[in-house]
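Colleague: I am new to this structure and should be grateful for a close look at a single part of it. Please take the empty space inside, and then add whatever sets it in context.

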Amino acid sequence: MSDTAFTHPTLHMIGNAHIDPVWLWRWQEGCAEAIGTCWAAIDRLRENDAFIFSKGEAHIYEWIEKLEPDLFAEIQRYVAEGRWTIVNGWWIQPDCNIPSGESVIRQALYGKKYFQSKFGVDVPVGLNVDSFGHPSTFPKLLRHTGSSYYTFMRPNATELDLPAELFNWVGDDGSEVTAYRIQGAYSTSKREMPLPEKIDLNYRNSGDFGHPIMCFYGVGNHGGAPTIANLTEIEKRIGNSENLRYSSPDIFFDEVSSSDLPRYKGNLQYHAIGCYSVASNLKTFNRKAESLLEMAEAAATLATLNAHIDYPKDHFEKLWKTLLFNQFHDTLGGSSIEVACDDSESELRGVIADAELILNASARQLGRTITKPVDPTDATFFVMNFNGSDNTGMVEAEPWVDKDIISPRCLLDETGQKIPFQYIDALGKTKGLQRIVFRLDIPAYGYRTLRFVVDSEHGIPCPGQNIGVPLSIDNLEFESDGYALTIDSKTGAIQSLKNKKTNLEIFDGPAHLGTIVKDETDTWGHGTKQFDFDGETTELVEIKLLDAGPIRTIVEVTTRCRASVFRTSIALPADPEVPVQLRVKLDWHEHHHLLRIAYPLGVDHFEYEVPGGWEKRPDNGVEVPGQRWMRAVGRDKTVVITNDAKYSFAALDGTYHITAVRSPVYAHHDPIEVGDGGSYRFMDQGEQSFTIEVYAAPTITRTQASALAEATNKPVVVTPHVSRNGDQPHRGQWLKTKVSTSAIGTLKMAEDLDGAILRIVELDGEQDQLCTENGSVIIPARGIASARLRTADISLTDGLEN
């Protein structure tokens, strides 16, 4: 380097080891490499008294604590000396677009609690160097969980132009964190940029930027700490009086003034857009695990407060940690090898199964507090809502009637009033089963008790099973009291869907139209920000009428394109204020193709749920990550579309597209070419299922959109009432809350068990108020609030429950 380089701002040399615990290897290998890497870091610390090492991810430390206690003791010693710096503060370095806002908070809650417990340190520096992008809500989430700084690498400078590489990142609620984008990658190895070249690059950058920068070095990915050669190079340059030093992100941010930095408000996107539409099973299980864990926590909290049972805090923490580990960016992004994806699916299935156990136990304990059935011989059952919003939709139940298909029956509410119902296809294909559907209002954190009783005078007899009646191909119009549907005779698409109460035509063209598009990008979708839209459309194969009655009509539409079959059950409620539901079963057999599902809406304003809030996204065809709901606002209508499993979307010329599935080769990374005729394993082959719900009205608020998504993803619990000694009424609310423009997403017991925690997100940019029987707290505009509910009061806390 020339002498002029030495006048540049200080180059902070950040010795680190980014470890992918899962990627092109299974977690077992990642575990071994994590241990080996940290031993190597200890070696460097012993060899050089000036060297500083930085490492995050509590899961890695827990592996070491359990499996290599001598190494753990050494790490504790160097942390106490200030030469081993703990950064990140999360359980793992996750993907930042797919996990829910609650999952992001739990990364910090469990990660920082672990670091405080084992090392006595707070972790103010967030660091997530290899994830594929960030929503605009992240400054809010970081601030709410005790992080003032954030270090990232993607998107890089070719993918997103920022006002500077060191800047104040402003969230949607005005929260700010000082953020830094890494230059020239987080690692140094023979395969990538060697350290001498990287130092020279960072010198040039620091001269251009005019502010100090961090130069990250260390082998990375498969493990490997900074090497002897790395430290030799640094020592040589220090000896030459070059302006660089051993440092850590904590030191760097402590020395940088944030007062005169440029401010940037918005998301940090896009990189690897293909990761949001691959590994469908993983993403489905992730959504189900998140949803069931939150339902189980709410149920267990209500049971603790109302039935006085012990809250299974340790069990929940174990399940959350398993989920959080599997939200690692290469895992949940689907860019790992096939066997690693299989491992993750198995772990997520275990989380789902255990959450179901806790949910059932909590429901039973709550049921025990409720007055015994009016008549124990009736088929009496509860409908329980463990969400923070009212549920006003359809409920399916299969009361046990001892295979009595002779007696006419009525469905009665708590006052003995009849509830209209309809017999539907039972799950079991045997005589005597009776499954019913009905519309019911269940308050937030509330319950109803219903009876399915014999009534020979006014009851409805069971008609027997109906497993789908094939219709002639020219019968393409269907109705319920609430909706009118027309199916296109060639493609099987929805040609018309009208709300009969409002006379509102929901779609502006053929909807739920499947188009298979050629896609030769790699697993990540490198090199593009959007996929094509033109391709081969589906052809209608068959239509069946599955249900037709006073509550709903269900039409099953089977279409085909290429080698894949697309079977959709379209449920038309009789109540026009209930969404239309589309249950999709996809049998996918394409290679290097993707499936788009199109919904022409005739609007240009699209909002998507993202972790901890929502974002307006462009109508320009760019592929965007999103979560459970999309809200499209037009001049005379608003449309909300929810889903229970999908994360990749695009809007173009007023049409909303769900990118339902892609089929690259597992862990295929350009520039490796995948030639014809080779033996490859393609992703997402075979069957998958997902549900989409559609609702349109002149106006729909974001709070309503969130409530619809809650109902789609966290359905009510239906369970028999069998207890005898309770004293609570047959209808009630275990916890009463009120908000105006906010969504209540989480209810759990506090980590110290001193009261319950409610998590609320304001959605309309207006200050809101959470009201309970114990008092009220303010929710800032577009903000996130955690409220602690004790027996006699309510107060605000943060995501770490401090």
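**Enclosed space**

Modeller: Six nonpolar, five polar and two charged residues make up the lining of the second largest cavity. Here Ala, Val, Leu, Ile, Met, Phe, Trp, Tyr, Cys and Pro count as nonpolar, Asp, Glu, Lys and Arg as charged, and the others, Gly among them, as polar. The model is predicted, so local features need pLDDT of at least 70 and side-chain atom pairs pLDDT 80 or more, while totals for chains, interfaces and linings use all residues. Residues are numbered from 1 along each chain as its sequence is written, and side-chain values use heavy atoms, without hydrogens and water.

The second largest cavity (a set of points on a 1 Å grid where a 1.4 Å probe fits but cannot get out, lined by residues with an atom within 4 Å of a point) has a volume of about 90 Å³. Among its 13 lining residues, Asn16, Ala17, Ser54, Gln93 and Leu127 lie nearest the centre. Two strands (DSSP runs of E, at least two residues), β1 (11-16) and β2 (53-55), each supply at least two residues of this lining.

In total, eleven cavities reach 30 Å³ or more. The largest cavity has a volume of about 430 Å³. Its lining comprises 30 residues, and Ser100, Gly101, Glu609, Arg628 and Gly745 are the closest to its centre. Two or more lining residues come from each of α4 (101-119), α9 (280-307), β29 (605-610), α13 (702-713), β40 (742-749) and β41 (756-762); the helices among such elements are DSSP runs of H or I, at least four residues. By class, the lining of the largest cavity holds twelve nonpolar, nine polar and nine charged residues.

For context, an open sheet of six strands runs in the order β23-β22-β28-β35-β34-β31, with antiparallel pairing (at least two DSSP bridges between two strands). At its edges are β23 (536-537) and β31 (624-625), each of which pairs on one side only. Within this sheet, β22 (residues 513-518) and β28 (residues 593-600) are joined antiparallel over six bridges, and Leu513 has Ala598 of β28 as its bridge partner.

The cysteines complete the account. The whole structure contains zero disulfides (pairs of cysteine sulfur atoms within 2.5 Å). For Cys31, the nearest cysteine sulfur belongs to Cys38 and is 11 Å away. Cys410 cannot form a bond because its closest cysteine sulfur, in Cys462, is 14 Å away.

Technical notes
1 Å grid on protein atoms, 1.4 Å probe; cavity = no way out; pocket = protein on both sides within 12 Å on 5 of 7 lines; lining within 4 Å. Points joined across faces, edges and corners; volume = space filled by probe spheres on them.
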